[in-house]
Amino acid sequence: MWRRVTSVSHLTFAHKSTVNKNACTFKCWESFTTEIPRKEKTTYQRAKTPFITFVLGGPGSGKGTQCMKIVENFGFTHLSAGELLRREIASNSADGIMILNTIKEGKIVPSELTIKLIQKEMELSDNYKFLIDGFPRSEDNRKAFEQIFGAEPDVVLFFDCPEDEMVKRVLNRNQGRVDDNIDTIKKRLKVFTALNLPVVNHYLEKGKLYKINGVGTVDEIYKQVHPVFSSFHFEQVRV
Ligand SMILES: Nc1ncnc2c1ncn2[C@@H]1O[C@H](COP(=O)(O)OP(=O)(O)O)[C@@H](O)[C@H]1O
Ligand SMILES: Nc1ccn([C@@H]2O[C@H](COP(=O)(O)OP(=O)(O)O)[C@@H](O)[C@H]2O)c(=O)n1
Ligand SMILES: [Mg+2]
């Protein structure tokens, strides 16, 4: 039996907060003690602390595609920073035009704005497992997240893919995105090398980085991803 907990600011990130312990609140679920604890329930479920995965990689490296498989298998909530920004453009918000121009130029939207959108989605969610896809894309993104959330990610996935493969995939993506053209992709690749790789190196040094070879079929790549999450002993949604 499950009951909903509406205010859990006292639980949030308390175990790993270094900056701002009460910065963010979440909804989550708590089990009654009358239920016999099942063996596979994890420390994370019992502690009810958010489990945060950052999903990094260049444009077209396969982040979104692999996130869908992680959601299917492990029940994560997928938050794509790019999707949240595109949704903001579509809603004609005050920042819409600035976001659109930034995306067309392949540049990075101000961190506080992107983090506000991520934070809102996390607060609306009843889940505690989050995939934050396409974030942080710069050291500024990373530092602002740590400052605002008072926490670091539990896992950082990095999809390593050669530029020519990424360009090919983006140009074939066919989702009507304003940035899926050769001019923007060239700019995005430069921004990726200059701003995103330092973030990758940061997490490598911290021992949190799982580097995945992003070349191969979707299933071949997922075979490398799956053990990362199995090792945390989440209940699998689907085998
Ligand atoms: N392993 C793969 N091999 C070939 N194409 C892929 C692979 N993974 C994803 N794609 C395709 O490449 C494009 C970019 O993938 P996507 O998941 O959107 O990447 P990202 O989110 O990193 O930009 C999509 O059209 C997707 O269907
Ligand atoms: N943290 C982020 C993520 C995306 N973005 C913007 O959104 C664009 C598209 O991001 P995305 O994650 O959807 O792109 P893909 O890597 O999926 O192709 C980026 O090129 C940036 O302009 C950002 O400014 N900051
Ligand atoms: Mg994507």
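Here is a short tour of this predicted model, from its overall make-up to a helix, two ligand shells and a few odd backbone spots.

Residues are numbered from 1 along each chain as its sequence is written, while chains are lettered from A and ligands numbered from 1 in the order in which they are written. Since this is a prediction, local features need pLDDT of at least 70 and side-chain atom pairs count only at pLDDT 80 or more, but totals for chains, interfaces and linings use all residues.

**The chain and its core**

The chain has nine helices and seven strands. These are DSSP runs numbered from the N terminus, with helices being H or I of at least four residues and strands being E of at least two. Of the 239 residues, 31% are buried. Buried here means 20 or more other C-beta atoms within 10 Å of a residue's own, exposed means 12 or fewer, and partly exposed is in between, with C-beta atoms placed from the backbone. Among contacts with a separation of 6 or more, 80% link residues 24 or more positions apart; a contact is a pair of C-beta atoms, placed from the backbone, within 7 Å.

In soluble globular proteins, nonpolar side chains tend to be buried together. Here, the largest nonpolar core holds 41 residues, and L131, I132 and L157 have the most contacts inside it. Strand β3 (residues 51-57) gives the most to this core, with five residues. A core like this is a set of buried Ala, Val, Leu, Ile, Met, Phe, Trp, Tyr and Cys residues joined through C-beta atoms within 7 Å. Which residues does I132 touch, leaving aside its neighbours within four places in sequence? They are I52, T53, F54, V55, L79, A81 and I118.

**Helix α2**

Helix α2 covers residues 63-74, and its end C-alpha atoms sit 16 Å apart, in agreement with the 16 Å that twelve residues should span at 1.5 Å a residue. That expected span is 1.5 Å times one less than the number of residues. Its buried residues are K63, Q66, C67, I70 and F74. They all lie on the same side of α2, because they cover an arc of only 105° around the axis, the arc being that of the directions from the helix axis to the C-beta atoms. Strand β3 and helix α9 (218-230) are among the elements covering them. Right after α2 comes G75, with a positive phi near 70°.

**Two ligand shells**

A residue belongs to a shell if its C-beta atom, placed from the backbone, lies within 6 Å of the ligand. For the classes, Ala, Val, Leu, Ile, Met, Phe, Trp, Tyr, Cys and Pro count as nonpolar, Asp, Glu, Lys and Arg as charged, and the others, Gly among them, as polar.

| Ligand | Shell | Nearest residues | Classes |
|---|---|---|---|
| Ligand 1 | 15 residues | G62, K63, G64, T65, R169 | three nonpolar, nine polar, three charged |
| Ligand 2 | 21 residues | P59, A81, G82, V109, G134 | seven nonpolar, nine polar, five charged |

Around ligand 1, α2 gives the most, with three residues. Around ligand 2, the largest share is three residues from α3.

**Backbone oddities**

F135 and P136 are joined by a cis peptide bond, with omega about -5°, and P136 lies in the loop between β5 and α6 (139-149). N174 has a positive phi of about 60° although it is not a glycine. Is N174 buried or exposed? N174 is exposed, with 7 other C-beta atoms within 10 Å. H233, also not a glycine, has a positive phi of about 55° and lies in the segment after α9.

Definitions and conventions
Two residues are in contact if their C-beta atoms, placed from the backbone, lie within 7 Å.
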